[in-house]
Amino acid sequence: MYVRPKKYLGQHFLTDLNIAKRISDSLKADRCRDTLEVGPGTGVLTQFLLKREDIDLSAAEVDSESIEYLHEHYPQLSASLIEGDFLQIDIREMFPQGVNIIGNFPYNISSQIFFKVLEYRDLVPECVGMVQKEVAERIAEKPGSKSYGILSVFLQAFYDIEYLFTVNENVFNPPPKVKSAVIRLTRNGISQLDCDEKLFYKVVKTAFNQRRKTIRNSLRAGFGNFEGQEHPFFNMRPEMLNVQQFVELTKWVEENINQ
């Protein structure tokens, strides 16, 4: 059967087997056997993952045509094929011992996938994903770049990020209008930040929501004027701060809000 790529699902099916094998080989899977492929589509990546003896593969697919195709062509996957939306899966319930995440992620939900990985970071030791090159650069970027932003800070707080390789448009059906890239996220040793994490998220979002402004102006717009108190980072713009500096800033905000 032929599976029609659906625009509303953000589907761009990978057709290059060499690229698919490179993605499969990029997963180290050295901390956890259970592995979940997000959006296997027609199984181009799946076939290489199934050959790996060091992982136990499951897959989550929302497209009914792809589900039928996978059952027909990869019957060994049928028992572990989750027919539903990855974003709705309770990872803690389905994989209480942890799970690696891998996939050629649908472009329209790639950021949401990474936020879900972040939500279950205690259970996801590794994530390998192919996404738009722009998104990959944003996640992997270091402070000081215009690409560095909210997702960069949040993910880099808990994961080591590696930009692995770029993928051209002509290896997909249909070809996307942008280049893609494969990145690897590996859980770092930080179990929790040395600050109020909810406030940390709010401080980072508030700072980047007005990224052209200085930290002083953006935080005062979100939290008030802190009784006129000043912080050494106030004259900087948010893209200049690394994770630890945002942690320091969050602790300062908490102390001065309480005052």
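Let's start with one residue, Ile-91, and work outwards. Beyond its neighbours within four places in sequence, Ile-91 touches Phe-86, Pro-96, Val-99, Lys-116, Tyr-120 and Leu-123. The model you are looking at is predicted. Ile-91 sits in helix α4, which covers residues 91–94. Is Ile-91 buried or exposed? Its relative accessibility is 0%, so Ile-91 counts as buried, the cut-off being under 20%. For a sense of scale, the C-alpha atom of Ile-91 lies 30 Å from that of Asn-173, a residue 82 places away along the chain.

**The sheet**

Now to the strands. Seven of them make up an open sheet, and their order is β4-β3-β2-β5-β6-β9-β7, with mixed pairing. At the edges are β4 (81–83) and β7 (159–167), each of which pairs on one side only. From one strand to the next, the twist averages 20°. As a reminder, strands of a sheet pair through backbone hydrogen bonds, in either a parallel or an antiparallel way.

A good strand to look at is β2, residues 34–38. Four of its five residues are buried, so β2 is largely enclosed by the rest of the structure. The chain goes from β2 through helix α2 (residues 46–51) to β3, and this β-α-β crossover is right-handed.

Which residues are the bridge partners of Thr-35? In β3 the partner is Leu-57, and in β5 the partner is Asn-100. Further along the sheet, Gly-103 has Gly-129 of β6 as its bridge partner. The table collects three of the strand pairings.

| Strand pair | Residues of the second strand | Sense | Bridges |
|---|---|---|---|
| β2 and β3 | 56–61 | parallel | five bridges |
| β2 and β5 | 100–104 | parallel | three bridges |
| β5 and β6 | 126–132 | parallel | four bridges |

**Helices against the sheet**

Two helices can be placed directly against these strands. Helix α3 (residues 64–73) lies across β3 and β4, and runs at about 160° to β4. Helix α5 (residues 110–119) lies across β2, β5, β6, β7 and β9 (180–187), and its direction makes an angle of about 165° with β6.

**Helices against each other**

Helix α8 (residues 197–209) is a handy landmark for the helix packing, with α7 and α9 as its partners here.

Take α7 (residues 150–158) to begin with. How are α7 and α8 oriented? They pack at an angle of about 150°, and their axes are 9 Å apart. That makes α7 roughly antiparallel to α8, since angles over 145 degrees count that way. The crossing of the two is right-handed. From α7, the contact uses Ile-150, Val-153, Phe-154 and Phe-158. The α8 side contributes Glu-197, Phe-200, Tyr-201, Val-204, Lys-205, Phe-208 and Asn-209.

Next comes α9, residues 215–223. The axes of α8 and α9 come within 8 Å and cross at roughly 120°. The two helices are therefore oblique to each other, and their crossing is right-handed. On α8, the residues in this contact are Leu-199, Lys-202, Val-203, Thr-206 and Ala-207. Facing them from α9 are Ile-215, Ser-218, Leu-219, Gly-222 and Phe-223.

Note on methods: Residues numbered from 1 in each chain as written. Predicted model: local features only at pLDDT ≥ 70, side-chain atom pairs only at ≥ 80, totals over all residues. Heavy atoms only, no water. Buried < 20%, exposed > 50% of the residue type's maximum accessible area, 1.4 Å probe, protein only. Pairing = 2+ DSSP bridges. Right-handed = clockwise from strand over helix to strand, strands pointing away. Contact = heavy atoms within 4.5 Å. Axes fitted to C-alpha atoms, helices over the stretch in contact; angles between N-to-C directions. Parallel < 35°, antiparallel > 145°, perpendicular 65-115°, else oblique. Left-handed = near helix turned anticlockwise from the far one by under 90°.
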